Amino acid sequence: MQSPSDETLMEQVRDNDLDQLSTLFERYQGLLFGFLLRLTNDRDTAQDLVQNVFLRILKYRASYQSTHPFKAWIYQLARNVYADHWKKHHVPAGDLEVAERTPTLRRAAMAGVAASYDGQDVQEALALLPSAQREILVLHRFQGFDYAEIGEMLGCSEGAARVKAHRALEALRKIYFS
């Protein structure tokens with residue numbers, strides 16, 4: 001017996017069959033965690049953000065349109081959750097004292113140091129990219145989205161998404177090899 005599609009399950013959630021959300025959680029929790037971990041470089045924060053994504057699914061379930069792929073919709077929610085988190089926790093570049101006193105930022109900095117000692121130089125270079133560039137690389141290279149899906153999420157054409165990914169990859173190369 002074939003399991004129901006993500007779109008079918010989300011239609012049922014939209015129609016207040018909230019038990020179906022557990023199946024979607026099982027399918028997407030790990031993927032979203034990996035995506036958000038690569039964006040935040042902090043396991044605790046990524047776990048919190050995944051929970052926030054599923055809370056938003058509950059809150060905005062009526063807005064789901066089954067004509068669009070569920071995967072693109074849930075990743076758009078994840079992008080929004082990440083953007084909201086970043087706005088709340090962003091520290092201006094010159095304010096190091098505040099960053100050192102903020103536990104999440106201090107942990108992220110220490111995680112960055114540990115990552116470089118573990119030979120994860122690419123992850124460190126990725127963390128240095130601007131958020132928009134890091135996000136498009138993570139979506140394509142690590143989450144497996146094609147450029148058409150990324151374009152839909154970003155509100156641009158497939159070609160524009162391809163160009164943005166190419167520019168992000170070039171920026172990553174410059175950081176990594178400098």
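The exercises below, each with a worked solution, concern a predicted model of a protein chain.

**Exercise 1. Overall make-up**

Determine how many helices and strands the protein chain has, and what part of its residues is buried.

Solution.
- Step 1. Count the elements: there are 10 helices and 0 strands.
- Step 2. Write them in order from the N terminus, which gives α-α-α-α-α-α-α-α-α-α.
- Step 3. Take the buried residues, which make up 35% of the 178 residues in the chain.
- Step 4. Turn to the contacts with a separation of 6 or more: 61% of them are between residues 24 or more positions apart.

**Exercise 2. The packing of H9 and H10**

Classify the arrangement of helices H9 and H10 as roughly parallel, roughly antiparallel, roughly perpendicular or oblique.

Solution.
- Step 1. Two packed helices are described by the angle between their axes and by the distance between those axes.
- Step 2. For H9 (residues 147-154) and H10 (residues 158-177), the angle is about 95° and the axes are 8 Å apart.
- Step 3. Angles of 65 to 115 degrees count as roughly perpendicular. H9 and H10 are therefore roughly perpendicular to each other.
- Step 4. List the residues that meet: Tyr147, Ala148, Ile150, Gly151 and Leu154 from H9, against Glu158, Ala161, Arg162, Lys164 and Ala165 from H10.
- Step 5. Sort this contact by class, which gives 6 nonpolar, 3 charged and 1 polar residues.

**Exercise 3. The largest nonpolar core**

Locate the largest nonpolar core relative to domain 1 and domain 2.

Solution.
- Step 1. The core has 44 residues, and Leu32, Leu36, Ile57, Phe70 and Ile74 have the most contacts inside it.
- Step 2. Find the elements that give two or more residues to the core: H1 (6-14), H2 (21-40), H3 (43-60), H4 (70-89), H7 (121-128), H8 (131-142), H9 and H10.
- Step 3. H4 provides the largest share, 9 residues.
- Step 4. Domain 1 (1-90) and domain 2 (115-177) both give residues to the core, so the core lies between them.
- Step 5. Look at one of the residues from Step 1: beyond four places in sequence, Ile74 touches Tyr28, Leu32, Val53, Phe54 and Ile57.

**Exercise 4. Three residues and their surroundings**

Decide whether Ala46, Glu135 and Arg38 are buried, partly exposed or exposed, and list their contacts beyond four places in sequence.

Solution.
- Step 1. Set the cut-offs: buried means under 20% relative accessible area, exposed means over 50%, and partly exposed is in between.
- Step 2. Ala46 is in helix H3. Its relative accessibility is 0%, so Ala46 counts as buried. Its contacts are Phe33, Leu36, Leu37 and Thr40. Phe33 is 13 residues from Ala46 in sequence, and their C-alpha atoms are 5.8 Å apart.
- Step 3. Glu135 is in helix H8. With a relative accessible area of 7%, Glu135 is buried. Glu135 touches Phe35, Leu39, Arg79, Tyr82 and Leu154.
- Step 4. Arg38 is in helix H2. At 29% relative accessibility, Arg38 counts as partly exposed. Arg38 is in contact with Gln123, Arg134, Val138 and Phe142. The C-alpha atoms of Arg38 and Glu124 are separated by 9.9 Å, while the two residues are 86 residues apart along the chain.
- Step 5. Collect the results: Ala46 is buried, Glu135 is buried, and Arg38 is partly exposed.

Note on methods
Residues are numbered from 1 along each chain as its sequence is written. This is a predicted model: local features need pLDDT of at least 70, side-chain atom pairs count only at pLDDT 80 or more; totals for chains, interfaces and linings use all residues. Side-chain values use heavy atoms; hydrogens and water are left out. Axes are lines fitted to C-alpha atoms, for helices over the stretch in contact, and angles run from 0 to 180 degrees between N-to-C directions. Helices (H or I, at least four residues) and strands (E, at least two) are DSSP runs, numbered from the N terminus. Angles under 35 degrees count as roughly parallel, over 145 as roughly antiparallel, 65 to 115 as roughly perpendicular and the rest as oblique. Contact means heavy atoms within 4.5 Å. Ala, Val, Leu, Ile, Met, Phe, Trp, Tyr, Cys and Pro count as nonpolar, Asp, Glu, Lys and Arg as charged, and the others, Gly among them, as polar. A nonpolar core is a set of buried Ala, Val, Leu, Ile, Met, Phe, Trp, Tyr and Cys residues joined through side-chain atoms within 4.5 Å. Buried means under 20% relative accessible area, exposed over 50%, partly exposed in between (1.4 Å probe, protein chains only). Domain bounds come from an automatic or database domain assignment.
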